[in-house]
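The following report describes one protein chain, beginning with its charged side chains and overall form and then turning to selected local features.

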Amino acid sequence: MHARLLTQQDDVDIVAITGSSKQKADSFAAKLPHAKGYGDATAMLDAHMLDAVYICTPPFAHGMFEELCIERGIPFFIEKPLSSEEQLPHQLLSRIQEKGLITSVGYHFRYMDGTERAKELLANRQLALSLGYWMGGAPGGTWWRRQERSGGQFVEQTTHIVDLLRYTVGEVTEVYAAYHEGILSTQDANANVADAGTVTLKLTNGSVATISNTCIIPAGEQCGLHIYTNEGKLEITHGGVKDHTADKIIEYKNRSNPYEKQMKAFLHAVGTGDASQIRSSYEDACQTHRVTMAANASAASGNVIKLA
């Protein structure tokens with residue numbers, strides 16, 4: 001999807017692809033006009049003077065690719081989540097900040113028209129409660145179903161809702177989580193992620209939130225964030241935002257492609273040095289990662305996790 005959007009830009013040329021094997025990289029590169037495939041990222045970076053890199057790997061594979069870009073001072077776009085580990089993103093962040101490197105993270109919900117409208121409406125309302133949800137089935141990839149490789153559903157998938165909460169409502173100060181296990185693991189001997197979970201959060205502005213998820217339902221995936229204020233409810237979903245007030249419901253549908261807006265913000269930053277249009281930098285995404293990792297820690301320990 002990223003490659004398709006990039007190839008539609010007149011001033012962008014994808015020249016190199018690294019895969020988990022050269023065969024896979026060559027197969028992907030063959031679909032692009034000028035790309036060459038590599039089985040090794042170092043060889044790729046040594047062979048080309050790249051203006052930017054897209055890092056689109058599973059969570060457990062993060063680290064080396066970021067390090068290589070940081071060493072060479074190459075701006076990078078990276079897909080969420082930042083890692084299946086707790087500390088790695090914060091270690092990388094210090095080096096990114098030292099270099100002053102341009103980064104962008106794939107939290108595309110921030111670029112939805114409905115999210116922009118929700119932020120405008122919330123500016124003049126009093127917040128009380130937010131309810132987030134991601135309800136669906138477990139993706140088939142074996143890495144997704146392994147806790148140590150994906151981080152689990154809250155880290156790998158529901159991170160979008162956590163990030164949307166931070167972006168529209170405010171920063172999180174406390175996290176308490178409870179998870180359920182035992183259903184998916186009986187269906188798939190490889191699986192060890194939780195089936196479902198509920199996470200309660202306190203925010204700096206005094207409001208509270210609950211975000212719940214499950215990965216066991218066979219059909220009907222849904223995700224979104226409902227925000228309750230003194231004037232009613234805002235309901236943000238993939239389609240846009242609905243504004244429920246006392247006497248009416250107004251729906252603001254997404255018109256533009258958030259992935260395209262996300263891409264153009266990154267390309268603008270790479271081309272001009274102006275990163276003001278990027279809505280999720282690596283530094284900002286680290287805060288979302290802290291919250292999702294705190295949820296896992298709370299579920300494991302039974303304790304409330306306080307974030308500085």
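In this predicted model, the chain carries 28 positive and 35 negative side chains. The centres of these two sets of charges are 3 Å apart.

**Overall form**

The secondary structure of the chain comprises 12 helices and 14 strands. Because its radius of gyration of 20 Å is close to the 19 Å that the globule rule gives for 308 residues, the chain is as compact as a globular protein of that length. Along the principal axes, the C-alpha atoms occupy a box of roughly 60 × 45 × 40 Å. Buried residues make up 48% of the 308 in the chain. Among contacts with a separation of 6 or more, 67% join residues that are 24 or more positions apart. The chain-level values are collected below.

| Property of the chain | Value |
|---|---|
| Radius of gyration | 20 Å |
| Box of the C-alpha atoms | roughly 60 × 45 × 40 Å |
| Buried residues | 48% of 308 residues |
| Accessible surface | about 14,200 Å² |
| Carbon and sulfur share of the accessible surface | 50% |

**Helix α9 and T168**

Helix α9 spans residues 159-168 and includes T168. Since 10 of the 10 residues of α9 are buried, this helix is largely enclosed by the rest of the structure. The buried set includes residues with charged side chains, D163 and R166 among them, alongside others such as I161, V162, L164 and L165.

How accessible is T168? Its relative accessibility is 8%, which lies under the 20% cut-off, and T168 therefore counts as buried. Leaving aside residues up to four places away in sequence, T168 touches T115, K119, L122, L225, I227 and I236. One of these partners, T115, is 53 residues from T168 in sequence, yet the two C-alpha atoms lie 7.5 Å apart in space. There is also a link to the backbone of α9: the side chain of T168 reaches the backbone oxygen of L164 at 2.7 Å, and L164 is itself among the buried residues of the helix. Just after α9, G170 adopts a positive phi of about 155°.

**A cis peptide bond**

A further backbone feature occurs elsewhere in the chain. The peptide bond from K80 to P81 is cis, and its omega is near -15°. P81 belongs to the loop that runs between strand β4 (76-78) and helix α5 (88-99).

Methods
Residues are numbered from 1 along each chain as its sequence is written. This is a predicted model: local features need pLDDT of at least 70, side-chain atom pairs count only at pLDDT 80 or more; totals for chains, interfaces and linings use all residues. Side-chain values use heavy atoms; hydrogens and water are left out. Helices (H or I, at least four residues) and strands (E, at least two) are DSSP runs, numbered from the N terminus. The radius of gyration is taken over C-alpha atoms; the globule rule is 2.2 Å times the number of residues to the power 0.38. Buried means under 20% relative accessible area, exposed over 50%, partly exposed in between (1.4 Å probe, protein chains only). Contact means heavy atoms within 4.5 Å. Accessible areas come from the Shrake-Rupley method with a 1.4 Å probe; for residues, only the protein chains shown count as cover. The place of a charge is taken as NZ of Lys, CZ of Arg, CG of Asp or CD of Glu. A polar contact is a pair of N or O atoms within 3.5 Å; within protein, one must be able to donate a hydrogen and the other to accept it, and residues adjacent in sequence count only if both atoms are side-chain atoms.
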